[in-house]
Amino acid sequence: MKRTLWNITLASVITLVAYIALYAIWGAILSELENPTLKLFLIAFMTTVAFGFFLLYTSKIRKSVGEDEVMSDYKDKKYTSLVDDLKLIIKREAKALICVAAIVLICFVLNTFDRLVFEKKTIVSFPAFFFAPMCLFANFIKIPFVGYLLSAVSDCLVYIIFLLIYRKKKYNYWMHNKG
């Protein structure tokens with residue numbers, strides 16, 4: 001579980017750095033949009049996609065863990081469909097998905113506590129800063145819990161989609177170069 005938490009934290013921090021570094025570019029592109037709600041949605045969506053990619057990178061690509069998992073899962077059987085692979089992913093990634101949702105929930109609690117008790121950001125919600133890229137839909141939706149819930153679901157869904165694509169590509173590469 002420590003490795004999972006570390007990978008999620010690292011992916012979130014990398015996404016935060018990328019978000020800050022690319023904000024000038026995103027801001028310039030999105031400044032043409034006159035609808036602030038659409039602008040917030042696009043920023044939240046792009047950041048969620050970036051987080052999903054960086055989570056895939058930190059947890060599966062960086063140390064070839066994902067490739068080893070694909071080889072282990074399909075050494076004795078054929079890859080049949082994304083749906084069947086999704087079942088394997090859900091079993092294997094359940095802890096990571098629960099951890100992502102728990103982190104977003106903890107950020108909600110910390111930020112809500114600050115907002116209700118102090119009416120501003122304080123040291124209480126400081127840890128949530130490092131996980132801000134995971135919670136950006138909370139800025140888009142004005143009902144806080146719903147925004148955080150959408151963030152958690154989106155983070156998990158994007159990660160699963162990236163993982164499905166990655167595993168399919170690795171399987172195809174492995175089968176093509178096997179013999």
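Good morning, colleagues. I begin with one helix pair: α1, residues 2-30, packs against α4, residues 82-118, at an angle of about 55 degrees, and their axes lie 10 Å apart. That angle makes α1 oblique to α4, because an angle counts as roughly parallel only under 35 degrees and as roughly perpendicular from 65 to 115. The crossing of the two helices, α1 and α4, is right-handed. I should state at once that this is a predicted model.

Which residues make the contact between α1 and α4? On the α1 side they are Thr 4, Leu 5 and Ile 8. From α4 come Lys 95, Ala 96, Cys 99, Val 100 and Ile 103. Sorted by class, this contact comprises six nonpolar residues, one polar residue and one charged residue.

Let me now turn to the chain as a whole. The protein chain contains seven helices and zero strands, and its pattern along the sequence reads α-α-α-α-α-α-α. As for dimensions, the C-alpha trace spans about 60 × 40 × 25 Å along its principal axes.

Next, contacts within the chain. Among contacts with a separation of 6 or more, 73% are between residues 24 or more positions apart.

Finally, burial and surface. Of the 179 residues in the protein chain, 38% are buried. The chain exposes about 10700 Å². What share of that exposed area do carbon and sulfur atoms supply? Their share is 71%.

To return to the opening pair, α1 and α4 form a right-handed crossing, with six nonpolar residues in their contact. Thank you for your attention.

Terms used:
Residues are numbered from 1 along each chain as its sequence is written. This is a predicted model: local features need pLDDT of at least 70, side-chain atom pairs count only at pLDDT 80 or more; totals for chains, interfaces and linings use all residues. Side-chain values use heavy atoms; hydrogens and water are left out. Axes are lines fitted to C-alpha atoms, for helices over the stretch in contact, and angles run from 0 to 180 degrees between N-to-C directions. Helices (H or I, at least four residues) and strands (E, at least two) are DSSP runs, numbered from the N terminus. Angles under 35 degrees count as roughly parallel, over 145 as roughly antiparallel, 65 to 115 as roughly perpendicular and the rest as oblique. A crossing is left-handed if the near helix is turned anticlockwise from the far one by less than a right angle, and right-handed if clockwise. Contact means heavy atoms within 4.5 Å. Ala, Val, Leu, Ile, Met, Phe, Trp, Tyr, Cys and Pro count as nonpolar, Asp, Glu, Lys and Arg as charged, and the others, Gly among them, as polar. Buried means under 20% relative accessible area, exposed over 50%, partly exposed in between (1.4 Å probe, protein chains only). Accessible areas come from the Shrake-Rupley method with a 1.4 Å probe; for residues, only the protein chains shown count as cover.
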